[in-house]
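Colleague: Here is a model I would like to go through with you. Please give the reasoning behind each label.

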Amino acid sequence: SYTTDTKSREENKKTLESLYSLSVDIAKIRRLKDWVLLQDVAYVKEIAGILQEMGADETTVANIIERCPEAILHTPAEINSQRALWQLVCQNEKQLIKLIEQFPESFFTTDYQQNQKANILFFQELGLKNNIIIRFLTSAPNIFYNPVERNKNVIETLQRNYLNLGGSEANMKIWILKLLSQNPFILLNTSTAIQENLEFLQKNDFTDQQVLQLLSKLKGFIFQLNSTTMQKSMLFSKNIFKCSDQELKQLVLKCPALLYYSVPVLEERLEGLLKEGISVAQIRETPMVLELTTQIVQYRIKKLSALGYDIKSGNLESLNGTKKDFEVTYGKIQSKKERPIFNPVAPLHIED
């Protein structure tokens, strides 16, 4: 642990000189993490040397240190261990240095090396490809800080529930790997939380097959919820759409966002749609529109209106989907509008 008491201390001159010699923007470090410059011991030249050994040029080294100044406070032994660890999943050092430049904070967190190694080996045994494990290391590093037993426990809970819900042994591995690659953060949940959420759905009369369907549709996000918020969101939808329990279930299966988003989020999105002149009946018909933020909805309505497409009287399907989906829909409406109407029985006017 490093001291962050900056009042009575002076910057380490040796550290400053070493950083200057590497063309590091010291003003940037002072702005970001000035406490790094106050430490009695720093390994500027050694860390720069390790990065250069891996193929980093001077600009890359300076960029890495500017973005993650605490890198220079790690011992060369710690960094070499981390280097060996990440090489378990990297193709070569060229790829590794590129990752360090993009995600320095993830690489220079060396406090959990034993857990990191055990988890990397566990994920490889599980069948996750190295490029997926790399994505986890860079975008969800905290799942590697867990003891491997805890991550194994969560995976076992998922596997057990998948089979209990009627999933087949043959498809289980594919299902787990897909779920993990879509949302690695499910590993930050406890086995108990996962169990409780599944039981909540079963208590609300979703069949085993429907629960499995929801798990796949929600990409594991259901495990980050709790029964109280899900209950409130379902009650809100039931009141808004004035539907029976059975109808509500069908709406949730059609649009799991009704389960996933909190009441304030659903309220805000609903209000945004109503302001655009869209009716509750239209939303009930196409609830997936609630998956979009108000800003996205407004932008898409504006684009469609410019083509003369009236969303109030039309179908909301045209608003749905990813950015790519919408562009395809928009393109089809546009080409339909631009295409001249050809009447095959109209006489042709041919000049003599």
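Modeller: In this predicted model, helix H14 (227-241) and helix H17 (263-275) each supply at least two residues of the lining of the largest cavity. H14 gives the most, with four residues.

Colleague: What makes a residue part of the lining of the largest cavity?

Modeller: A lining residue has an atom within 4 Å of a grid point of the cavity. Phe 236, Ser 237, Ile 240, Phe 241, Leu 258, Leu 266, Leu 270 and Leu 290 line the largest cavity.

Colleague: How do the residues of that lining divide into nonpolar, polar and charged?

Modeller: Seven are nonpolar, one is polar and none is charged. Leu, Ile and Phe count as nonpolar, and Ser falls among the others, so Ser 237 is the polar one.

Colleague: How many cavities of 30 Å³ or more does a search of the whole structure find?

Modeller: The search finds one. The space in the largest cavity is about 30 Å³.

Colleague: Why is H14 called roughly parallel to H17?

Modeller: The two helices pack at an angle of about 30°, and their axes are 9 Å apart. Angles under 35 degrees count as roughly parallel, so H14 is roughly parallel to H17.

Colleague: Which residues in H14 and H17 meet?

Modeller: From H14 come Lys 232, Ser 233, Phe 236, Ser 237 and Ile 240, and from H17 come Val 263, Leu 266, Glu 267 and Leu 270. The residues of this contact divide into five nonpolar, two polar and two charged. Lys and Glu count as charged, so Lys 232 and Glu 267 are the charged two.

Colleague: What makes H11 oblique to H13?

Modeller: Helix H11 (residues 169-182) and helix H13 (residues 208-217) pack at an angle of about 40°, with axes 10 Å apart. Roughly parallel requires an angle under 35 degrees, and roughly perpendicular runs from 65 to 115. The angle fits neither, so H11 is oblique to H13.

Colleague: Which residues in H11 meet H13?

Modeller: Trp 175, Leu 179 and Gln 182 in H11 meet Leu 212, Leu 215 and Ser 216 in H13. The contact holds four nonpolar residues, two polar and no charged.

Colleague: What is the volume of the largest pocket, and which residues line the pocket?

Modeller: The volume of the largest pocket is about 310 Å³. Its lining consists of Lys 217, Leu 218, Lys 219, Phe 221, Lys 254, Pro 256, Ala 257, Tyr 260, Tyr 261 and Glu 291. Six of these are nonpolar, none is polar and four are charged. Tyr counts as nonpolar, so Tyr 260 and Tyr 261 are among the six.

Conventions. Residues numbered from 1 in each chain as written. Predicted model: local features only at pLDDT ≥ 70, side-chain atom pairs only at ≥ 80, totals over all residues. Heavy atoms only, no water. 1 Å grid on protein atoms, 1.4 Å probe; cavity = no way out; pocket = protein on both sides within 12 Å on 5 of 7 lines; lining within 4 Å. Points joined across faces, edges and corners; volume = space filled by probe spheres on them. Axes fitted to C-alpha atoms, helices over the stretch in contact; angles between N-to-C directions. Parallel < 35°, antiparallel > 145°, perpendicular 65-115°, else oblique. Contact = heavy atoms within 4.5 Å.
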